[in-house]
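Biologist: Hey, got a few minutes to walk me through this one? I'd like to start with the strands.

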Amino acid sequence: MTEIGLFANSGFLVLSFVMGIVLTFLLSLRLNFLSLFIKFLSFASLTIFLILLVSGLWRGVHPILFDTQANPVLSLFNSLSLLACVSFFNLKPVGEIKRIKVVLGSIASFYLAYFGGIHFFAKTGLAIFNDSAMIIFALSMQLILTLVALAIVVNQIGKKFSHTSYTITLAMAPLSIAVFYFYFLSSFTSPKEVQEIQFLLQFILITVLFIRTIYIGLSNYLPSYRKIFLYIISSFPIYFIVKFQFFEIKFLSNLGQELINKFTLIAIFFSILTFVYYTLETLLLWYAYGTKSYTSDLEDVEIETEHHIVVLIPCMNEELVIKDTVQSLLNTGYKNLEIYVIDDASEDNTVAELEKFQTDSRFQLLRRVKPEAQKGKGEALNWAYQKVTDKYLKNRGIFENTLITIINADSSVQPDYFEKVNRVFNSDFELTGLQSKVQIINKDDNTAQDLEFEEIINATQSLRTKTNTVAFGGNGQFCKLSTLYSLHELPWTDSLVEDFDLSLRIFLSEIYNVRNVQYDDIMITQTGIYGDHQALVKQRVRWAQGNIQTFKYLYRIIKSDNLLLKQKLELSFTLLKPWLMSIEYLVVVYTIIVMAGTIIISGFTASIQIFIFMFLLMVLYIFAINLVWATLYNRNQKRNSEAAFTGKKVIKDTYYLTKFLILLTQIYPQATIRYFTAQNGWDKTKRQASIKDNE
């Protein structure tokens, strides 16, 4: 058995044997010890990887460890790839996910126990099979693993992991083993031929697992550190094969090296492009930041028209927040006001929370019922819009003096909110719309979400004021009823960002002189998402996917005769940004994989030192930009007498903003995958607390 040469120089496989036994035992206990199993598995596989990493850092991997004429360590990395799938796939173990976890865990258990056991038998001289039977058994087990891994990926592409297809795959395994046995048994004449067959099967398995794990990382939420280890561990076997020539198969190594060189050039190009784009965008935002508009500049405006403000609040299962929102709007005291709460077949106590407002003439509850209800925010808004429009047509209302307002169910406003809006529309009767500045309630010391909205997004809208491309942002948007009616179609679509989609269609319409504005002191407050990174990423993936959906308008924007050059440029860059961010994320993943593989195999080379130095410079550059945003944020907070301005507070806010932006880097590849796989449905984000609880 030892002459087969598959298990030489493989001390790590003793640990694999122990891991395999423990893993099999834990899996047999199913869900009771699943969390313990995941933690143990993560620690064990990470320990092995760190041993290799430290070895590579100091002196490169020892040549005995990576004997290119025998590939036991390649078998180990097959196991590590499987372990990465199970350990870092941190989703709830239910339904399809549960089956995938159990199957992958079972494969990893058997794989590790198998190779560890063979190593043990070889070292102790205990022979339980003859050489021919051992050869067939080894290659057959490798074939089963490859078939099952292929089945997992194929079923993932088919968007389901069905019991039937898995059963068919297992049924094919005995047939494949029989073909292997009768066809190849007489042809095995040397250990080298056995190695070549096993290497081919291992290479297929590694490739399949690489595709699977990269897909998991790109399409699902995972903490950043888990994603990094998922990418590195699962891709290292591929990188290992590229760097070493097994059995004189030079074409594979040459092809891999050529691909790495090509991808590196592409990565450098997009990194430079992203750096230039990010720098230019930041400089423009800082320029626009100093040109913000305030309603205090309109004190001399004569109020000739008291606009009729119609508030639409789409609402589904909002019992925690809806009462405070409606009360805040009524407390403004604005008389020419109508509030329509659109209950989209809520299944909680939302309707009961609104009972106290039924006697107020400014309040109306519109209730939708299934099957028409719960088809999306755009559908609910269009339904209410038609009712309002029919009412105004019947009563011969003045569309030009009526403002349709969209407000989220978790919002609050200042008492003079509508008075300021009315003043703005009196200052320029040609205005078509207005977007409020959004403030996020800070529940704890982490101000990242509020900083993003109050400073970065607000500066973006200030820049759009200069280019006349101010877009509606969902909450606190005002649009003249005459403008919406002039579209000659229902205003809102089924887009995941129906507000931005509406903005683009208005700009592309035949409406004369479209112009929206934003004022820095017309502010609306809403709740954020705290302590639940997965929910936060899910919300932002939905927004990013919606932005990708609007890419369809790019050609019309470029060809439009009604848009000025500055409008075309700003809108085009906005539509291209999600794609650029997706590509840059892949570039970062590729860079991490290549750097980690090079360090482990070749050590801390001069080129790697340069890469790390450049990477640290980029991190410092991003941190410095975030430091400026945090400084501006704290200065404004002090100006509003909300908080003291201290250097410690600025550094803390910079840290939170940087951490927040790193977390959000994963949203664009997820959104892109969902877009191309036509996954357009979304569950509503659950409210964490009422508005008052967050204050």
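Modeller: Sure. Keep in mind that this is a predicted model. Let's begin with S1 and strand S2 (residues 337-344): they run parallel and are joined by seven bridges.

Biologist: Okay, and which residue in S2 is the bridge partner of Val 311?

Modeller: That's Ile 339.

Biologist: How does the chain cross from S1 to S2?

Modeller: Through helix H10, which covers residues 322-330. The result is a β-α-β crossover, and a right-handed one.

Biologist: What about S4, in which sense does S1 pair with that strand?

Modeller: In the parallel sense, over five bridges, with S4 spanning residues 402-406. As for who sits across from whom, Thr 402 in S4 stands opposite His 308.

Biologist: How many of the residues in S1 are buried?

Modeller: Eight of eight, so to speak: S1 takes in residues 308-315, and the strand is mostly covered.

Biologist: And which residues are on each side of S1?

Modeller: One side has His 308, Val 310, Leu 312 and Pro 314, while the other has Ile 309, Val 311, Ile 313 and Cys 315. Both faces are covered, with all of those residues buried.

Biologist: Switching topic: where is Ile 622?

Modeller: Ile 622 is in helix H20, which runs over residues 606-639.

Biologist: Why is Ile 622 called partly exposed?

Modeller: Because its relative accessible area is 30%, and partly exposed lies in between the cut-offs of under 20% for buried and over 50% for exposed.

Biologist: How far is Ile 622 from Thr 658?

Modeller: Their C-alpha atoms are separated by 7.9 Å, with the two residues 36 residues apart along the chain.

Definitions and conventions: Residues numbered from 1 in each chain as written. Predicted model: local features only at pLDDT ≥ 70, side-chain atom pairs only at ≥ 80, totals over all residues. Heavy atoms only, no water. Buried < 20%, exposed > 50% of the residue type's maximum accessible area, 1.4 Å probe, protein only. Helix = DSSP H or I, 4+ residues; strand = E, 2+ residues; numbered from the N terminus. Pairing = 2+ DSSP bridges. Right-handed = clockwise from strand over helix to strand, strands pointing away.
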